[in-house]
Amino acid sequence: MIFTSIYSNDDQKAYPGVIRKMIEYLKANDFVNMDPGVYELQGKDLYVQVFDAETGSVEEKKPESHKEYLDIQFLASGEEKLGFTPYSEKYEVDEYIEERDLIFYKSVENEGFIHAVPGCISVFFPCDIHRPAVAVKAPMTVRKVVIKVRTTLI
């Protein structure tokens, strides 16, 4: 997992090239004023989802992971908490939606939380279970950008 911001001065040389390229993409676009939708950058290997989401309680938001993609999650507006924990085979799958490469889990342990504000970037690899859109204080609408990167590009 990587957590950074478009406003940070991180030395990104250690990041895979596609992640560095996508951070530059996030810096160069105004996602608050962009129409929601899916934008293909390299077909289904690399694409961007722009959408509005409603944050909610930890109990309302399911922990999830992916097999074929990593997520680069960017918060354009609002604030949210994102849960994270390493994948473990002991976690019971609640639902697997193969066509969306989306695995939901019934529960996880040792979950940490990140407080994201506009500009924050979270990179979740297939080994990272994550729980997006958890409310910080009260539910709110946030503008999210999720870049899906096929693992073969790393």
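Trainee: What pattern does the chain follow when read along the sequence?

Mentor: In this predicted model, the chain holds one helix and 12 strands. Read along the sequence, these elements give the pattern β-α-β-β-β-β-β-β-β-β-β-β-β.

Trainee: What does the globule rule give for 154 residues, and how does the chain stand against that value?

Mentor: The C-alpha atoms fill a box of roughly 40 × 35 × 30 Å along the principal axes. The radius of gyration is 15 Å, close to the value from the globule rule, so the chain is as compact as a globular protein of that length. For 154 residues, the rule gives 15 Å.

Trainee: What share of the contacts with a separation of 6 or more comes from residues 24 or more positions apart?

Mentor: Buried residues make up 45% of the 154 residues in the chain. Among contacts with a separation of 6 or more, the share from residues 24 or more positions apart is 80%.

Trainee: In what order do the six strands of the open sheet lie?

Mentor: The edges are strand 1 (2–5) and strand 2 (37–42), each of which pairs on one side only. From one strand to the next, the twist averages 20°. The pairing is antiparallel, and the order of the six strands is 1-10-5-12-3-2.

Trainee: How many bridges join strand 3 to strand 12?

Mentor: One position in this antiparallel pair can be followed directly: Val50 has Val145 in strand 12 as its bridge partner. The number of bridges that join strand 3 to strand 12 is nine.

Trainee: Which residue takes a positive phi in the hairpin of strand 2 and strand 3?

Mentor: Strand 2 and strand 3 pair in the antiparallel sense over five bridges, and Gln42 has Leu46 in strand 3 as its bridge partner. The hairpin has three residues between the strands, and the one with a positive phi, near 55°, is Gly43.

Trainee: Which residue in strand 10 stands opposite Thr4?

Mentor: Strand 1 pairs with strand 10 (residues 120–124) in the antiparallel sense, over four bridges. Opposite Thr4, in strand 10, stands Ile121.

Trainee: At what angle does helix 1 run to strand 12?

Mentor: Helix 1 (residues 17–28) lies across strands 1, 2, 3, 5, 10 and 12. Its direction relative to strand 12 (141–150) is about 150°.

Trainee: Is Gln73 buried or exposed?

Mentor: Gln73 has its place in strand 5, and its side chain makes a polar contact of 3.2 Å with that of Asp71. Beyond four places in sequence, its contacts include Cys120, Ile121, Ser122, Lys144, Val145 and Val146. Because its relative accessibility is 4%, under the 20% cut-off, Gln73 counts as buried.

Trainee: Which residue is joined to Ser65 by a polar contact between side chains?

Mentor: Ser65 is found in strand 4 (residues 64–65) and counts as buried at 2% relative accessibility. Residues up to four places away in sequence aside, Ser65 touches Asp101, Leu102, Ile103, Tyr105, Pro126, Asp128, Ile129 and His130. The polar contact, at 2.7 Å, joins the side chain of Ser65 to that of Tyr105.

Trainee: How far apart in space are Phe84 and Glu109, C-alpha to C-alpha?

Mentor: Phe84 is found in strand 6 (residues 80–86) and is partly exposed, with a relative accessible area of 28%. Beyond four places in sequence, its contacts include Met1, Asn110, Glu111, Gly112 and Phe113. Phe84 and Glu109 are 25 residues apart in sequence, and their separation in space is 9.6 Å.

Trainee: Is Asn110 buried or exposed?

Mentor: Asn110 is found in the loop between strand 8 (102–105) and strand 9 (112–116). Although Asn110 is not a glycine, it has a positive phi of about 55°. Because its relative accessibility of 72% is over the 50% cut-off, Asn110 counts as exposed.

Trainee: What is the relative accessible area of Ala133?

Mentor: Ala133 lies in strand 11 (residues 128–134). Ala133 is not a glycine, yet it has a positive phi of about 65°. Ala133 is buried, and its relative accessible area is 9%.

Conventions. Residues numbered from 1 in each chain as written. Predicted model: local features only at pLDDT ≥ 70, side-chain atom pairs only at ≥ 80, totals over all residues. Heavy atoms only, no water. Helix = DSSP H or I, 4+ residues; strand = E, 2+ residues; numbered from the N terminus. Buried < 20%, exposed > 50% of the residue type's maximum accessible area, 1.4 Å probe, protein only. Polar contact = N/O pair within 3.5 Å; in protein donor to acceptor, adjacent residues only side chain to side chain. Contact = heavy atoms within 4.5 Å. Pairing = 2+ DSSP bridges. Axes fitted to C-alpha atoms, helices over the stretch in contact; angles between N-to-C directions. Rg over C-alpha atoms; globule rule 2.2 N^0.38 Å.
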